[in-house]
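Here's a quick tour for anyone meeting this structure cold. Have a look at the sequence and the model first, then read on.

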Number of protein chains: 2
Amino acid sequence: MSSEIVIGIDLGGTHVRAGAFTSNGEMLAVQETPIEAARGPEPGLRRIQNLIEAIWNASGAKMLLGIGVGSTGPIDPIHGMINNPFTLPGWENVPISAWLRNAFDVPVALENDADVAALGEYWRGAGQSIQRLYAVTVGTGVGTALILDGQIYRGMDGLHPEGGHVILDPSGPPCYCGAHGCWESLCAGPAIARQARQADLHHSILLEMAGGDVEKIDARLVAEAARLGDPPACAIIDKTAHYFSLGIINVIHSITPEMIVLGGGVMKSADLFLPHLSKAIAAHSIMIPAHRVRIAPAQLGNYAGLYGAAYTIWSTIK
Amino acid sequence: MSSEIVIGIDLGGTHVRAGAFTSNGEMLAVQETPIEAARGPEPGLRRIQNLIEAIWNASGAKMLLGIGVGSTGPIDPIHGMINNPFTLPGWENVPISAWLRNAFDVPVALENDADVAALGEYWRGAGQSIQRLYAVTVGTGVGTALILDGQIYRGMDGLHPEGGHVILDPSGPPCYCGAHGCWESLCAGPAIARQARQADLHHSILLEMAGGDVEKIDARLVAEAARLGDPPACAIIDKTAHYFSLGIINVIHSITPEMIVLGGGVMKSADLFLPHLSKAIAAHSIMIPAHRVRIAPAQLGNYAGLYGAAYTIWSTIK
């Protein structure tokens, strides 16, 4: 049993998860609870406090040395503020770092969820000791992060760059970001589901898989149907993989990292995308030896954010 | 008169230029000569040696402390090798750093030309003391560079990322890089000239401006004709500016620098592009406050590479 721990928090739009970690990255305990964000930040913060107390207890550790929080953004890491009315409705200017610091009298760090997921993979996952690690998380959206020598790369004013909104095809669908055909609008889960719902499904097994309700078709079902050879599903996955590959080629040309880690729900079907990606990389290797960039599936799954949140506070207090 | 100098070299496909610099960035003398690359690296290196001796003499300085070289790439900065059969025909595996080190017994640094141009703007141009400075050079190609805290950002194995080959529209023209519709294929000088040569020029002044020879139409002429309100020229500049803006929006989303410096021959007509750019930035400011990213024309013109080459060796020996 370890006598000193930090706690990593992964705050998403529906759930909050907490893990207790030793300094060498051993996860001693993990728990999660619904966040019920719409009830407002005050009850949400109390819920997080209770979760921290429970997980500290469960870990059996004497000392809590710090708390790291990875949150769905936008967030302000410098002032420790969540400002996210999009996926955490009502959470505007929420001083979560100050609140937890007061509650537990320990240092608190707040980072963007895509950044902590990448940091987790750097600390204990697929990207260990990779000097320039890029992470792409494909789920409800497309999140990106760049880890340089184990540090989060930040843009102007400490902002988190939004590589998922890089434009890949200006004739593509509109996105809430203001662009047409950005990476997210072409490749995220909802983009895959939308295409399936709008497709001619007369000769497809998709509708049957969705219990006859077209609204129940999601990206996971499309991937499953594609695995079974369903033609409309295969066509949608092919098109998505084509665009996904352009996004990766753009990362290689603009950032040229040693490794790109692929995570998120949609990338649980990474095997469906990789053949297209290999072909695209072979066809775009003239300026940069793109084939030397390692493409790796994320290893920590849903826990990457917890590991990264813990790492961000461990590296602060060490 | 300064007693100690470094010499910055800017090696291009047609000319080589040298400047003598004091440690605070004063350029004491500058000269240039054709490189005649096709005669091979051996005569080329001797020509560079003679140019260095001439400029050292002209500067009146006693001590030469180092030589910085910015060269058209691909180059290997770690081993000081030029490996560029494209714009320096016959220059494959040329150990320019070792050669100059032998000749002058001083430290020598070799960097990519886009990187040194950006460093020059950081040292003495538009980007002074900018923490995250991105530079886009639009001429025969589109070159990019990222300067972080005054250091060149390097990719895997020290490679220079090729942001000019980021794909902006997969239905665009083919590029030698393997892509369709990369930034360079849509916005570099040759792309502008090609569109004009292929346009219906019956009611255009372009052909007259080119002395009746369609092959003499270049990007500079198209910009001039657009300034005069020539409809085909205006249409081409508008389309180019549209794509150029997408390239900048992508830099803002993926890198989020404080400033983007625009240089190169085509950007001498930056005023024709900036109205489009402002509109695009206003339309894509939801995820990142893009309007806060400063867009600035390069200030050092053709000398940016010289300044940057000098800076790279000054910062090594200091």
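**Cis bonds and unusual backbone angles**

In chain B, P74(B) sits in the loop between β4 (63-71) and β5 (75-76). Helices here are DSSP runs of H or I with at least four residues, strands are DSSP runs of E with at least two, and both are numbered from the N terminus. Keep in mind that this is a predicted model, where local features need pLDDT of at least 70, side-chain atom pairs count only at pLDDT 80 or more, and totals for chains, interfaces and linings use all residues. Residues are numbered from 1 along each chain as its sequence is written, while chains are lettered from A and ligands numbered from 1 in the order in which they are written.

- The bond joining G73(B) to P74(B) is a cis peptide bond, with omega about 5 degrees.
- Chain A has a cis peptide bond between G73(A) and P74(A), again with omega about 5 degrees, and P74(A) is in the loop between β4 (63-71) and β5 (75-76) of chain A.
- Most residues other than glycine have a negative phi, and most peptide bonds are trans.
- E36(B) isn't a glycine, yet its phi is positive, about 45 degrees; look for E36(B) in the loop between β3 (27-34) and α1 (41-59) of chain B.
- With 13 C-beta neighbours inside 10 Å, E36(B) counts as partly exposed. The rule is that a residue is buried if 20 or more other C-beta atoms lie within 10 Å of its own, exposed if 12 or fewer, and partly exposed in between, with C-beta atoms placed from the backbone.
- S129(A), also not a glycine, has a positive phi of about 60 degrees and belongs to the loop between α3 and β9 (132-138) of chain A.
- S129(A) is exposed, since it has 10 other C-beta atoms within 10 Å.

**How far to trust it**

- Chain A has a mean pLDDT (the predictor's confidence in each residue, from 0 to 100) of 95, and 100% of its residues reach 70 or more.
- The model scores ipTM 0.94 and pTM 0.94.

**Two copies, one axis**

- A turn of 180 degrees and a shift of 0.0 Å along the axis lay chain B on chain A with an RMSD of 0.1 Å. The two copies are thus related as by a two-fold rotation axis.
- That fit is by least squares on the C-alpha atoms of residues with pLDDT of at least 70 in both copies.
- Which residue of chain B comes closest to the rotation axis? D169(B) does, with its C-alpha at 2.4 Å.
- The same surface serves both copies, as 100% of the contact residues of chain B recur in chain A.
- Where the chains meet, 35 residues of chain B and 35 residues of chain A are in contact, meaning their C-beta atoms, placed from the backbone, lie within 7 Å.
- On the chain B side, helix α8 (residues 231-254) gives the most, with 5 residues.
- By class, the side of chain B that touches chain A has 19 nonpolar, 11 polar and 5 charged residues. Ala, Val, Leu, Ile, Met, Phe, Trp, Tyr, Cys and Pro count as nonpolar, Asp, Glu, Lys and Arg as charged, and the others, Gly among them, as polar.

**Domains of chain A**

- The domain assignment, which is automatic or from a database, gives chain A domain 1 (4-116 + 302-317) and domain 2 (126-298).
- The C-alpha centres of these two domains are 27 Å apart.
- Domain 1 of chain A puts 9 residues into the contact and domain 2 of chain A puts in 10.
- On the domain 1 side, β8 (108-112) and α3 (113-124) of chain A each supply at least two residues, and α3(A) has the largest share, 3 residues.
- That side of domain 1 of chain A has 4 nonpolar, 2 polar and 3 charged residues.

**Inside the fold**

- The largest nonpolar core has 220 residues, and those with the most contacts inside it are I7, A118 and V222 of chains A and B. Such a core is a set of buried Ala, Val, Leu, Ile, Met, Phe, Trp, Tyr and Cys residues joined through C-beta atoms within 7 Å.
- Beyond four places in sequence, A118(B) touches L133(B), A135(B), A145(B), I147(B), V261(B) and G308(B).
- I48(A), in helix α1 (residues 41-59) of chain A, counts as buried with 23 C-beta neighbours inside 10 Å.

How values were computed
Two residues are in contact if their C-beta atoms, placed from the backbone, lie within 7 Å.
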